[in-house]
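Subject: The complex, and what turned up in it

Hi,

Here is the structure I promised to pass along. Have it open while you read, and tell me if anything is unclear.

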Amino acid sequence: MFGSKCLARKGLRTGAAVLLALAAGTLAGCGNSGTGTASNSGAKPVLTMGLTNYTTTLNPAIAGGGDQMMPIDLAYTSLIHLEPDGNFGPGLATSWHYIGKTNTEFTLTLRRGARFSDGTPVTASAVKAWLDYSYFTVKGNITAALKLKSIDTTGQWTVNLHLSAPNSAVPYLLTEPNMFGFIGSPKAIAHASTLGASTDGAGLYIAVPSQSIAGSVYVFKPNPFYYDQSAVHFSKVVVKIITSPTTMIEAIKSGQINVAAGDISTAPTAQSAGLNVITAPSDFVQILILDRGPKTPDGTAANPLASAQVRQALNYAIDRKAVTQSILGKYGVPTMQLGSLDGFVPTMQNYYPYDPAKAKALLAAAGYPNGFTLNVTSESIFGTVADPVLEAIAQEYRAIGVTLKITSTSTLPQYIQEVLGGKYEAAGFIGTTSAPMSTWYSYFLAPKGLENQHGWDDPMLDSLYQKGEASLSPGQYWTAMAQRTVTQADEIPVFDYDAFWYTTKNIAGLAFSASCSTPYPSEWYAK
Amino acid sequence: MNPVLRVMARRCVMAVPLLFVVSALTFLLVSLTPGNAAQEILGTSATPAEYAAFNRALGLNLPLYEQYWDWLRHALTGNLGQSIFTGQPVVQAIGQRLPVTLSLLVGALAVSAVIGVGLGVFSALRGGAGGRAADVLALIGFSLPAFWVGAELIVIFAVWLNWFPATGYVSVSDSPAGWLRSLILPVAALALYGIASLAKQTREAMLDVLASEHIRMARVNGISPVSIVFRHALRNASIRVVTVLGLLAVGLLGGTVLVENVFALPGLGSLMVTAATQHDLPVVAGMVVYFTVIVVAINLLVDVAYVWLNPRVRVR
């Protein structure tokens with residue numbers, strides 16, 4: 001056929017030559033394909049880390065929490081440091097305390113010698129300028145929780161916060177997970193719109209926008225003005241956003257990255273690959289009750305969830321151990337209470353043992369012998385710990401005649417809109433175990449809480465909250481609140497579950513806990 | 001007027017209303033999807049007043065047609081606005097990522113064209129076992145999804161053999177060899193479908209042309225087999241191949257989203273997904289403009305190729 005063999009052979013030869021040329025050019029660097037070169041051989045190494053969640057912005061005044069805090073932690077230092085074990089330590093402030101006994105005045109003394117990456121010293125006036133911008137101009141996540149009225153300074157190193165209401169959680173709110181404690185340079189406020197991709201903090205590193213691609217890759221170089229140069233362990237830090245868990249695990253296995261955010265689907269692979277697998281409880285899952293008011297959200301019928309007996313029945317009807325085991329295996333622990341930094345009561349952990357018969361009896365006593373339909377919206381983007389949990393619970397609720405009608409959502413804004421829209425009785429909810437009880441009260445249980453939308457109020461909880469916020473030793477009130485929410489079944493908690501981080505063998509310093517659920521890259525170093 | 005210039009002018013004129021329609025539709029569709037940027041940024045802890053203040057500050061409280069008009073006014077001067085989240089100019093954000101997606105797209109098209117057309121010609125000429133083997137290879141290419149192929153390529157070539165990086169992109173200006181290495185696996189994953197598609201279409205087109213009257217005449221007239229295959233048969237078959245190549249280019253543009261995700265490449269696809277999820281309207285609108293321009297450019301190239309390949313089109 002037209003000398004086709006000859007043609008084919010010629011073509012093969014040409015193809016082989018092209019392939020060889022390509023191979024010569026591209027395989028020259030084989031055996032060192034990774035950029036994760038954190039080995040300590042004299043010069044400071046490069047750290048490359050992989051995060052699953054996209055970082056929306058590097059501006060701490062705007063950014064959300066969780067993993068989004070990690071790149072920001074590289075470039076900004078917080079006023080107060082939340083240690084991985086949950087204790088407070090010095091950050092840009094070396095000491096702090098409430099003034100008086102009402103928890104409405106709070107003062108911080110700043111570290112001497114700290115400077116922003118533009119060389120400006122971190123003084124009281126600089127901190128005030130940034131906090132004014134962050135709190136009063138941007139009005140980010142922290143606004144509702146902090147209750148800040150005004151800020152003033154005393155001398156060069158003292159900042160005073162004046163609150164509009166007692167708040168016992170100010171030290172916690174000024175730590176890294178809340179972002180508000182990260183302080184930027186006053187110079188940066190003038191060009192705040194550029195802070196999405198660049199940085200001007202008093203942290204160990206500075207973002208290099210020319211080498212970064214917002215939302216995908218962030219490159220950081222050491223900040224020459226950082227007050228403790230011995231803490232700068234890397235010559236460069238690269239943060240890659242890798243949304244596919246499979247790609248993430250392969251990237252760290254190939255040595256291309258040194259630290260990776262993991263998940264339950266890749267943990268066994270990471271373990272068998274010989275990586276360091278670091279886990280700790282970091283979040284909890286619950287059915288968040290949005291409506292405990294007298295009427296259902298559409299106002300047409302009596303609301304079953306107004307009855308504590310019904311809510312207790314819904315707690316008794318869940319075999320938490322089985323649900324946790326089937327979804328998380330060894331990486332989850334059944335729970336009966338809101339995960340919190342300061343309100344956890346170990347003795348309440350088995351308050352609602354699995355007892356469908358008792359659940360049915362409670363429903364009958366409350367006037368719902370045939371059950372009812374409960375509409376919930378789900379935080380579906382969280383995958384394994386979202387819809388599957390609700391579906392497993394729906395299965396168990398069928399045994400007591402309760403139909404759980406689940407509405408999935410495709411994005412976080414959609415979920416938020418559904419939750420705040422007032423049309424659901426409940427929602428699947430995933431929260432951090434490291435938030436204070438007062439925060440959960442403000443959102444879920446306060447008379448005007450954003451997720452308590454239909455006029456429900458528990459005066460006892462309100463009283464405990466008021467006392468706790470005004471107390472210098474509020475611990476007793478938070479545990480009392482936790483006990484009250486469990487006995488009244490204000491929520492339907494299901495389990496606490498682990499976060500996963502993987503590191504190559506040459507990286508150390510990665511630590512986190514239920515009290516501080518996001519690790520700080522600023523504390524990692526190469527062995 | 002030169003026929004090529006005439007085709008180009010016609011396409012460019014048609015692109016203008018297309019850009020208007022597509023950008024307006026984008027605004028409409030984004031506004032219809034649940035959620036908004038304020039909810040993404042402020043989360044669940046903000047009050048309704050804070051949401052309202054945020055929306056006012058960004059002009060998101062204005063009627064949709066006003067938002068669109070405002071965007072359009074600036075777009076006509078080349079200013080596509082700023083990302084709501086990063087504050088980065090949209091043109092800059094897209095400019096950073098365009099080389100990644102274009103490298104992927106052009107690379108995959110080139111590989112698809114060279115290997116796909118080669119396989120198709122080989123299969124048409126050889127028939128028999130060689131031809132069937134080429135057909136089987138094409139069939140495999142059709143049936144394997146790019147994201148799965150990508151994941152397997154990472155395991156084999158990045159983890160086991162450590163030949164290529166598992167993730168990331170190296171700019172050609174930083175290192176041409178690094179650029180090539182960072183692209184080989186994603187291009188291979190993306191090109192597989194294109195290879196299969198082009199191989200099949202080329203084979204069929206070649207068989208049709210080879211069986212035609214004028215090829216038989218050429219053979220009788222003693223024209224060399226090489227000349228018959230490449231100058232006459234392949235050129236005639238190319239019209240169909242170019243059509244497929246054009247469609248393939250548009251399809252691959254969509255495919256880059258998945259491949260960029262698998263290889264964590266900072267391209268336009270991942271930006272589009274992120275921006276759409278966050279309701280970052282300026283970025284979404286800017287991206288749509290760029291994607292539309294790329295699709296128009298592809299169609300333009302296909303039309304020009306038609307003119308070049310087919311004398312009848314040139315005469316018309």
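Below is what I found, going from confidence to the sheet, the helices and the salt bridges.

Please keep in mind that this is a predicted model. The predictor gives the complex an ipTM of 0.71 and a pTM of 0.80. For chain B, the mean pLDDT is 85, with 95% of its residues at 70 or more. As a general caution, predicted coordinates should not be read in detail where pLDDT is low.

**A sheet in chain A**

Chain A has an open sheet of four strands, in the order S4-S5-S7-S6, with antiparallel pairing. S4 (93–98) and S6 of chain A are its edge strands, each pairing on one side only. From one strand to the next, the twist averages 20 degrees.

At one edge, S4(A) is joined to S5(A), residues 105–110, by five bridges, and the two run antiparallel. Within this pair, A:Ser95 has A:Thr109 in S5(A) as its bridge partner.

At the other edge, six bridges connect S6(A), residues 148–154, with S7(A), residues 158–163, again antiparallel. Here A:Ile151 sits opposite A:Leu161 in S7(A). S6(A) and S7(A) make a hairpin with three residues between them. If you look at the turn, you will find A:Gly155 with a positive phi of about 65 degrees.

**Two helices in chain A**

Helix H3 of chain A (residues 124–138) lies across S5, S6 and S7 of chain A, and runs at about 170 degrees to S6(A).

Helix H9 of chain A (residues 308–316) is worth a look too. Seven of its nine residues are buried, so H9(A) is largely enclosed by the rest of the structure. The buried residues are A:Val310, A:Arg311, A:Gln312, A:Ala313, A:Leu314, A:Asn315 and A:Tyr316. The N-terminal end of H9(A) is capped by A:Ser307, which has a side-chain oxygen 3.1 Å from the backbone nitrogen of A:Gln309.

**Salt bridges**

Over all chains, the structure holds 12 salt bridges. I picked out three for you.

One of them pairs A:Lys253 with A:Glu250, and their closest N and O atoms are 3.5 Å apart. These two residues are three apart in helix H7 of chain A (residues 245–253), so about one helical turn separates them. A:Lys253 counts as partly exposed because its relative accessibility is 32%, while A:Glu250, at 8%, counts as buried.

Another is between A:Glu418 and A:Lys423, with the closest N and O atoms 3.4 Å apart. A:Glu418 is buried, with a relative accessible area of 12%, whereas A:Lys423 is exposed, at 52%.

The third is in chain B, where B:Asp303 and B:Arg11 form a salt bridge whose closest N and O atoms are 2.4 Å apart. B:Asp303 belongs to helix H12 of chain B (residues 281–309) and B:Arg11 to helix H1 of chain B (residues 3–32), so the pair ties together parts that are 292 residues apart in sequence. B:Asp303 has a relative accessible area of 15% and is buried; B:Arg11, at 25%, is partly exposed.

Happy to go through any of this with you.

Best wishes

Note on methods
Residues numbered from 1 in each chain as written. Chains lettered and ligands numbered in written order. Predicted model: local features only at pLDDT ≥ 70, side-chain atom pairs only at ≥ 80, totals over all residues. Heavy atoms only, no water. pLDDT = per-residue confidence, 0-100. Pairing = 2+ DSSP bridges. Axes fitted to C-alpha atoms, helices over the stretch in contact; angles between N-to-C directions. Contact = heavy atoms within 4.5 Å. Buried < 20%, exposed > 50% of the residue type's maximum accessible area, 1.4 Å probe, protein only. Polar contact = N/O pair within 3.5 Å; in protein donor to acceptor, adjacent residues only side chain to side chain. Salt bridge = Lys/Arg side-chain N within 4 Å of Asp/Glu carboxyl O.
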